[in-house]
Amino acid sequence: MSKRYDVGSMVISVCLALCGLFAWFHAGEFSALGGIFPKTFAIVLIICSLGYVAACFVKGGDGEVQARGSEQFWRGGALFVVLLLWCLLLDKAGFLVTSVISYVILAVLADHDHAVSVKRILIHSGLGIVIAVIFYIGFSQFLGVPLPKGILPF
Amino acid sequence: MFGIEFLLDALTPMNLLLCVIGVVAGTIIGALPGLSATMAVAVLVPLTFSMSPASALIMLGAIYTGAIYGGSFAAILVNTPGTPSAIATTFDGFPMAKRGDGDLAVTCGTIASVVGGIVGALFLLFLAPLLAEFALRFGPVEYFWLALFGLTLISALSEGSLLKGWAGGAFGMLCSTVGVAVIGGDVRYTFDSELLLGGIDIVSALIGLYCVPVLIDLVMTRARHLDLPKKGKGFRFKEAMGLAIHDKFNLVRSAVIGTLVGILPGAGGSIASLVSYSEAKRSSPRSANFGKGEPSGVFCTEAANNATVGGGFIPTLVLGIPGTPPDAVIMGALLVQGVKTGPALFSEGGEIVYTFIYGLLLATLLMLPVGLLIGKYAYRSIATFSKSILVPVIAFMCVIGSFAINNNVGDSLMMVSLGGAGWILNRYGFPPSPIVLGIILGPIAEQGFVQSWLIGAAGGNILGSFFGRPISQIIIALIVLVLFYPVFSKTILSKLNLFIGRAPQ
């Protein structure tokens, strides 16, 4: 029977080994005691990662990752980008503005059952405003977390 | 000494009311990812300034115990530990919820939390001075070995390839070295970025590695987040009690482990629950089911983390050394009330201390009805809500929760970045748990190692410093036992089988 290589895991393992190599290389710049742990665990990371790659060549690995039903990767990627932009703009634009916009986009991304329409966006916006205000009041007033105001005066 | 009069003091209507308020507030705050038990106690401390010392302590104890328990809700229902203590609860709690047994998982977690809380409080009541002496015998080297003992759990947490698990653990340990070294002050792997100077915060790493991958998977497919409840509309209390009685040894052992780890200043609920999980998995006849929705996995972790509450109060009250960060906040509140912790507290301030301990027991018992009610509605809401509400609300909690740690957007950015990396790694069989374990245990292990090395070097006996102390030797023996247990057990079993004349299985 022909071996099925788990190419994705092997690529990740090589990337981790490169991380280990980078960490080990830079650990030389630290003091003797400050460098012991980074060096040790960089070596462990390199050995385990390359060990896995070697094991894949010998035994064939775990097989390719199976797709879980009908997955729409673009939705996952878009969610990640929205979260990233939300955090990047949180200080500048403020909590309420970024949260309501993010809420609407995330709600649309998560909704597989309805087509995007003005009516649905208005519903999501209304819910987003209510939830954002509840979180804002709860955190800033009751828990004392100073959420960024950004472009709004409150 | 442990008089009934103190119990009656704790049972006044006002104290009972404070207990209920404390448990409810703590449970809700603890259930929100990013809001820790420390924050719950710290935020609500000012409310207690106008109360009598005993009532203030009772309320703070109730908040603390409720918050540790509340962490299990998010762990079970969203696969995100509400507090770091609930990391190990995700391993079996979420798979149970996923298959429609979320109500059973929440009830199991509640029963275990109550048992753990009671065991911890009883240790505090009867053995506090004795155990405080034990805590003092733990030096840096013992912490180092304890952290390594925790790392042996990676073998247990590695689903599939052990090499992937160890690679993840090493990656987590490397992540834990980012920032300014605690001893020596080396600035490591910061790429000249101010954001990385403080290192990777454990809570933002937890939220990112556990919660963001769940969100990404949620939006990618049409499938439900959790299957709908399998049975009726009740709490499944009878079923959970049956499982708890069947698993009583695991429950009590985990609670004792939690209490003993809780006594050690700085160790905390996360280590307690991980160690008890490792022990439960090792000794269970159903060890193959751990990680796939085994109720014993929920029992052990929840019993252990709630037992750390009572355990943590032992050094706090007897020695004036806070066992956990919330203990430090409570100690501050005690000082405001004019109560000085220390060896004389139990003899001179017995009235306050014993009323508080009975109040803690009361709060623990109150967790049962309060927790079951909150848990039931939380599970049903999360199981039935539309994804278009669930996804943005969980995202809200992730972003605000990570921001609230230090009121810093950098933590939120770190959370999202680690979440993206975690999703890719998880997809290719590198589970998040070993990485998180490395991030949590890395600083404890490194600090213990460096301090022990310095002490050994100063005394001219480095090897003796690491291997010469009795408690270290016991922990090293445990590490060897855990690592080689499968080999030991196979050899011993085959010899036994030969002895009794049966073919080896």
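In which loop of chain B is Asn407(B) found? The last legend gives the answer. The model shown is predicted.

**Figure 1. Overall view of chain B, a fold of 21 helices and two strands.** The C-alpha atoms fill a box of roughly 65 × 65 × 60 Å along the principal axes. The radius of gyration is 22 Å, which agrees with the value near 23 Å for a compact globule of 505 residues. Of these 505 residues, 62% count as buried. Contacts reach far along the sequence: among those between residues at least 6 apart, 79% join residues at least 24 apart. The accessible surface comes to about 18200 Å², and carbon and sulfur atoms hold 69% of that area. Chain B carries 27 positive and 24 negative side chains. The centres of these two sets lie 15 Å apart.

**Figure 2. Arg236(B) pairs with Asp101(B) in a salt bridge.** Side chains of opposite charge can pair when their charged atoms come close. Here the N to O distance is 2.8 Å. The pair links distant parts of the chain, 135 residues apart. Asp101(B) sits in helix α5, residues 87-136. Arg236(B) sits in the loop between α9 (202-220) and α10 (237-246). Both partners are buried.

**Figure 3. Arg236(B) also forms a salt bridge with Asp103(B).** The closest N and O atoms are 3.1 Å apart. Asp103(B) lies in helix α5 and Arg236(B) in the loop between α9 and α10, so this pair ties together parts that are 133 residues apart in sequence. Is Asp103(B) buried or exposed? Asp103(B) is buried, because its relative accessible area is 5%, under the 20% cut-off. Arg236(B), at 10%, counts as buried too. The view can be widened to a network of salt bridges that links Arg99(B), Asp101(B), Asp103(B), Arg236(B) and Glu239(B). Over all chains, the structure holds ten salt bridges.

**Figure 4. Glu142(B) and Arg469(B) meet through their side chains in a salt bridge.** The N to O distance is 2.7 Å. Glu142(B) belongs to helix α6, residues 140-151. Arg469(B) belongs to the loop between α20 (462-467) and α21 (470-499). The pair therefore ties together parts that are 327 residues apart in sequence. Glu142(B) counts as buried, at 1% relative accessibility. Arg469(B) is partly exposed, at 36%.

**Figure 5. Thr301(B) lies in helix α13, residues 295-319.** Its relative accessibility is 0%, so Thr301(B) counts as buried. Which residues does Thr301(B) touch, not counting those up to four places away in sequence? They are Ala88(B), Thr89(B), Ser273(B), Ser276(B) and Tyr277(B).

**Figure 6. Asp192(B) has a positive phi although it is not a glycine.** The angle is about 60°. Asp192(B) is found in the loop between β2 (187-188) and α9. This residue counts as exposed because its relative accessibility is 81%, over the 50% cut-off.

**Figure 7. Asn407(B) is found in the loop between α17 and α18 of chain B.** Helix α17 covers residues 387-406, and helix α18 covers 409-427. Asn407(B) has a positive phi of about 50°, although it is not a glycine. With a relative accessible area of 37%, Asn407(B) is partly exposed.

Terms used:
Residues are numbered from 1 along each chain as its sequence is written. Chains are lettered from A and ligands numbered from 1 in the order in which they are written. This is a predicted model: local features need pLDDT of at least 70, side-chain atom pairs count only at pLDDT 80 or more; totals for chains, interfaces and linings use all residues. Side-chain values use heavy atoms; hydrogens and water are left out. A salt bridge is a side-chain nitrogen of Lys or Arg within 4 Å of a carboxyl oxygen of Asp or Glu. Helices (H or I, at least four residues) and strands (E, at least two) are DSSP runs, numbered from the N terminus. Buried means under 20% relative accessible area, exposed over 50%, partly exposed in between (1.4 Å probe, protein chains only). The radius of gyration is taken over C-alpha atoms; the globule rule is 2.2 Å times the number of residues to the power 0.38. Contact means heavy atoms within 4.5 Å. Accessible areas come from the Shrake-Rupley method with a 1.4 Å probe; for residues, only the protein chains shown count as cover. Lys and Arg count as positive and Asp and Glu as negative; His and the chain ends are not counted. The place of a charge is taken as NZ of Lys, CZ of Arg, CG of Asp or CD of Glu.
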